[in-house]
Amino acid sequence: MILETIDLNGIQSFYALSNRLNLNDVLPNKVTIWKLRNNNPLRKSFVKNNIKLNEFDALIKITVEMSRYLYPYIREILKSKEDLKENSVTWIDFNKRFIELIKERFNLDSMRVKKLLNQAENDEIIIKSLLTLSLCISNKGYQKLKNFLIDF
Amino acid sequence: MQNKLLFHQSSVSLEIIGLPDYSNNENDDQISIISQWKLTIIDKPLIEGKVEHLVPIMNAFYIYSNLLIKNEIPLYESKLIDIKADNLHIHNIVLKSSKPNVKPLILKIGNSSLSDTINCFDQLNESPIVRIKKTGVFNIVPKKVRIGFNNKVKLFNLIMPPFIAICSLILFSSTFIYFYNPVEDKEKNELINPE
């Protein structure tokens, strides 16, 4: 969701990257990616499908590649939050769009979603997610992100 | 002539100066004997030190960022470097000199500079040109993973044979318990020895 907030055409980029990373066997089309996204219990369209290990790996590889590609933006958003007086526009825009996406796609009755919508509480979640993505852009980023997610 | 290699990520650059180990038949562009390193963060004082300080400083950054992301208390302390979070966005770094009467260097960096610094260290770790004792803080696979993915089949194979063996033993011996009737046996004995 963080990556989709930055990249307005997120699903298209995800699919393009899966082609570039030769993950067509695992993610042959956009529908497969959409179905995998629906495994998130916070989404309105939540459907419980058991994610296979190769699908989990493919999603991590795409996330790392996309973070690498979006690193300048991720960095800019983090920086804008460090000094709100100087450069608050980037953070405010990002936060606004993130909340819009949450309202559009997530189940608003869930307590966890309500926490995400609360601007006083969601700062920490957003910053830690951005920081995690920004630390996984190296060649070994796939292993790093996998370890972070499993240890979460 | 010493070799110089620069790793750069946005606001941070890391310069490594050193020589190849000719006794190991290394190429001229290789750096195995590091004589100096410099870490430059824009708008902050230059950080430089001896080769033996580089790996502990890299480890400190890796461990600290790991703590930060895993929602644990973000605090790292050692003889050489302390890192702690001032708040969610600013990190306080104290670099202590090994020389006497030298005041520690205090830096405050934000999340953007922290991630730039760690990405520079990643580049150094992954560089085929510089030979350094690689830091593997992020490569440690969590215990959950080790059991959850890699050894799932092995664990199953390890537990199942003794489990099946114990079950078979119990089933087999239980048939003997039910077939043996001590009262009947006593009656038989009385018939053989009527006294």
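Helices and strands here are DSSP runs, a helix needing at least four residues and a strand at least two, and they are numbered from the N terminus. With that in hand, let's walk through this predicted model, starting with two odd loop residues in chain B.

**Two positive phi values**

N101(B) sits in the loop that links strand 7 (90–95) to strand 8 (105–110) of chain B. Its phi is near 60°, a positive value in a residue that isn't glycine. As a rule, most residues other than glycine have a negative phi. Is N101(B) buried or exposed? It counts as exposed, because it has 5 C-beta neighbours inside 10 Å, and the cut-off for exposed is 12 or fewer.

S10(B) is the other case to look at. It belongs to the loop between strand 1 (3–9) and strand 2 (12–19) of chain B, and its phi, near 45°, is also positive without the residue being glycine. S10(B) has 18 C-beta neighbours inside 10 Å, so it counts as partly exposed.

**Chain B: two sheets and some helices**

Chain B has five helices and eight strands. Going along the sequence, the pattern reads β-β-β-β-α-β-β-β-β-α-α-α-α. The strands are shared out over a pair of open sheets, one in the order 1-2-3-4 and one in the order 5-6-7-8.

Take the 1-2-3-4 sheet to begin with. Its pairing is antiparallel, and its edges are strand 1 and strand 4 (47–49), each of which pairs on one side only. From one strand to the next, the twist averages 15°. Strand 2 and strand 3 (residues 33–41) of chain B run antiparallel and are joined by eight bridges; V12(B) has I41(B) in strand 3 as its bridge partner.

Now the 5-6-7-8 sheet. Here too the pairing is antiparallel. Strand 5 (75–77) and strand 8 of chain B form the edges, with each pairing on one side only. The average twist is 15° from one strand to the next. Three bridges tie strand 5 to strand 6 (residues 81–85) of chain B, again in antiparallel fashion, and L75(B) finds its bridge partner in K84(B) of strand 6.

What does helix 2 of chain B lie across? It lies across strand 7 and strand 8, at about 105° to strand 8 of chain B. Helix 2 of chain B also lies across strand 1, strand 2 and strand 3, running at about 30° to strand 2 of chain B.

**Chain A: helices throughout**

Chain A has eight helices and zero strands, so to speak a plain α-α-α-α-α-α-α-α run from the N terminus on. Its C-alpha atoms fill a box of roughly 50 × 35 × 30 Å along the principal axes. The radius of gyration of chain A is 16 Å, which agrees with the value near 15 Å that a compact globule of 152 residues would have.

Here are a few values for both chains.

| Chain | Residues and buried share | Share of contacts (separation of 6 or more) that join residues at least 24 apart |
|---|---|---|
| Chain A | 152 residues, 30% buried | 60% |
| Chain B | 195 residues, 23% buried | 40% |

**Where the chains meet**

How many residues of chain B are in contact with chain A? There are 25, and they touch 24 residues of chain A. On the chain B side, helix 1 (51–69), helix 2 (111–126) and helix 3 (143–150) each supply at least two residues. Helix 2 of chain B gives the most, with eight residues. By character, the chain B side divides into ten nonpolar, eleven polar and four charged residues.

**The largest nonpolar core**

The largest nonpolar core holds 56 residues, and the members touching the most others are I74(A), L130(A), L14(B), A60(B) and F61(B). Helix 4 (residues 53–82) of chain A contributes the largest share of this core, nine residues. For a closer look, pick I74(A): leaving aside neighbours within four places in sequence, I74(A) is in contact with I6(A), S67(A), L130(A), L133(A) and S134(A).

Key
Residues numbered from 1 in each chain as written. Chains lettered and ligands numbered in written order. Predicted model: local features only at pLDDT ≥ 70, side-chain atom pairs only at ≥ 80, totals over all residues. Core = buried A, V, L, I, M, F, W, Y, C linked by C-beta atoms within 7 Å. Buried ≥ 20, exposed ≤ 12 C-beta atoms within 10 Å, placed from the backbone. Contact = placed C-beta atoms within 7 Å. Nonpolar A, V, L, I, M, F, W, Y, C, P; charged D, E, K, R; others polar. Rg over C-alpha atoms; globule rule 2.2 N^0.38 Å. Pairing = 2+ DSSP bridges. Axes fitted to C-alpha atoms, helices over the stretch in contact; angles between N-to-C directions.
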